[in-house]
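Let's go through some of the labels used for this structure and ask what earns each one. Here it is.

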Amino acid sequence: MSKEFIQEKRSNESLAKAVRQYRQLSYLTISKIADDFDIQYFKDYIQRKHYTDDLFLNWVKGVLKDSNFLSFAKYFKNPNPSASLIQSKVKEPLSRVFFSGDSHFNYVVKGKLEKCPYELEDSFENELLNAVLFNYNDIIVHDLSGVNKPFREIVGIDKVVSIETNKNSIKRIAYTAKTTINSEVVYGYAYIDETKYEFYNKEIELLSTNEHDLGFCPANFVIEKGFDNDPIAKESFFSYLKGDLIQYCFLKTIQRMVDVNGTTPIIVRPKTKNVTEASDDFDNRDGAPMSANKIGSQVPMEMRQTKSGGNSGSILQAGTDIEVPVHVKEDGSVDMDFIKNLLTFHYTPVEALKNLEDRIKKLENAILTSAIGDASEGKSPEGSKSDSEIRSVTVVSKQDKLRALSNAMTYSKSISDKTMLALAYGKENVKVDLFYGSDFFLETEKELYGLFEKAPNSVERTNILMRLSQRRSMFNKMKYNREFILYKLMPYSSDVDFDKALARENIVSNEIFIFQTQFNYWIGKFESQYGDIVIFWDNLGESKESEKIIYINDLIINLISKQNGGKETNN
């Protein structure tokens, strides 16, 4: 049955669509290594009756004339402009998905809560982000390398030869792979379904079978949502940007071409006789400038282009030297206006360069806004919104993009982590609850301090301080853990609250006054006696957060009471 499944090439149409989609978008988002430029290759390319698999150049070839296409090809370089834009200005901002303030990763293995089981200690997260963004059609396959030793790998959609799905889940799959049998590497087909793993050689002869008891196929899609209702061809984060990315590549390459004309002009000059190729047109053997008679003695000829180095192309190419015949009047004298304008330099008009630059900038902003939700600059075009309002809209838009990515990552990792643990401990012995979060610290410190000043009560002020700490320490978990504990222990989170308390009699005890006004000193005093406060906090085990705060707070108050001659309190 599995042999026939491989031979049938189930869902072949959808697989071909998914592969085609991947190649088109990866060309524009990942690019490829640049080849050495070969003008003869592009000349032959023009003469071909059939186009190649180069999506972009095929399109350009159909838009431009042959001579202009050759000039364009000289300036088109890989990594191409759209891929450079995605990799430099889109990928990094989206990686903020790993730094959410409300993310959680909870695993229960055989009834015990674990932060991260060792089976999941791999580099899968970074691989998953790259797959979700750029290899969205790929499939995560899970297997065992030994007894209860699971591993996972991401299989490219172009390797899949047959697949059967039930909505978004995979029922069975076959893909090209290799394995080692008797110390020999064998290439063939891997087959996986809800009960077994099998491997066939290239001749589709069964070589090995291994059963599993998961009750479902240990393979899942990287992305949940299908493109155009296709369960196999998935929707990329860049699916609807393909047209804009193609246009961006085209305009950026055109800009490279015309920028040269902006600095290196086209020269128009008179054609004169007795000038060797090696000489300068203004060089005379006598050391004197050429006379009008000498110029006029030139026999009129058709305008022609001077070439250098055997390079060919349009006469509009930068640096072109065009020779024109001298204009002689009817009486045989040379037109003196011609002499005055002996040389003419033609540059690309500044207005045209500026217009092209503006078009590219608008297109780039549109791409960035669609991809990451942030490309706003300055004030709104209508002038009706303030900078703060624009900033607010931008933050919301960026949050939305990151939340969409978070949901996609959560979907893939939840299924994959559960499959990994199920292979190791049995599916009935594991539970997975994880979420990449929805709050990504997009406010600046200045904005948070502004909110702090406007906060209506101490609870809001404390929450904003906690958020500020998260914002500052999102790349340093240990620093955030420490600041979190300190903010919880501080009696009053702001001077405003402390001053209000002092204004009322018998509200602030002597110990609390000392603790608040000498906070850093007493934290240091506590750590000198009990050790690092973060480690002490962790050693309190699974106690509630409120219980830990009260316990540590009482220890510090006791230290203050003892030093000031008071009595220790009992708790």
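Q: Why does lysine 225 count as exposed?
A: Its relative accessibility is 54%. Exposed means over 50% relative accessible area, buried means under 20%, and partly exposed lies in between (1.4 Å probe, protein chains only). So lysine 225, at 54%, goes down as exposed. A word on the background: this is a predicted model, where local features need pLDDT of at least 70, side-chain atom pairs count only at pLDDT 80 or more, and totals for chains, interfaces and linings use all residues. Residues are numbered from 1 along each chain as its sequence is written, and side-chain values use heavy atoms, with hydrogens and water left out.

Q: What makes glutamate 235 and lysine 225 a salt bridge?
A: The term calls for a side-chain nitrogen of Lys or Arg within 4 Å of a carboxyl oxygen of Asp or Glu. Here the closest N and O atoms are 3.8 Å apart, and the pair therefore fits. Glutamate 235 sits in the loop between β12 (230–234) and α9 (242–263), while lysine 225 is in the loop between β10 (219–221) and β11 (226–227). Those helices (H or I, at least four residues) and strands (E, at least two) are DSSP runs, numbered from the N terminus.

Q: How many salt bridges turn up in the whole structure?
A: A search finds 17.

Q: How do you know that arginine 482 forms a salt bridge with glutamate 527?
A: The N to O distance is 2.7 Å, so the pair meets the cut-off. Arginine 482 is in helix α16 (residues 477–489) and glutamate 527 is in helix α19 (residues 519–530), 45 residues apart.

Q: What makes aspartate 532 a salt-bridge partner of arginine 482?
A: Their closest N and O atoms are 3.9 Å apart, so this pair passes as well. Aspartate 532 lies in the loop between α19 and α20 (533–539), 50 residues from arginine 482.

Q: Why is aspartate 532 called partly exposed?
A: Its relative accessible area is 35%, so it falls between the buried and exposed limits. Arginine 482, at 27% relative accessibility, is also partly exposed.

Q: Why is lysine 167 called exposed?
A: Its relative accessible area is 71%, so it clears the exposed limit. Lysine 167 is found in the loop between β5 (160–166) and β6 (169–181), and has a positive phi of about 60° although it is not a glycine.

Q: What makes serine 11 partly exposed?
A: A relative accessibility of 27% does, because that value lies between the two limits. Serine 11 is in the loop between α1 (2–8) and α2 (12–29).
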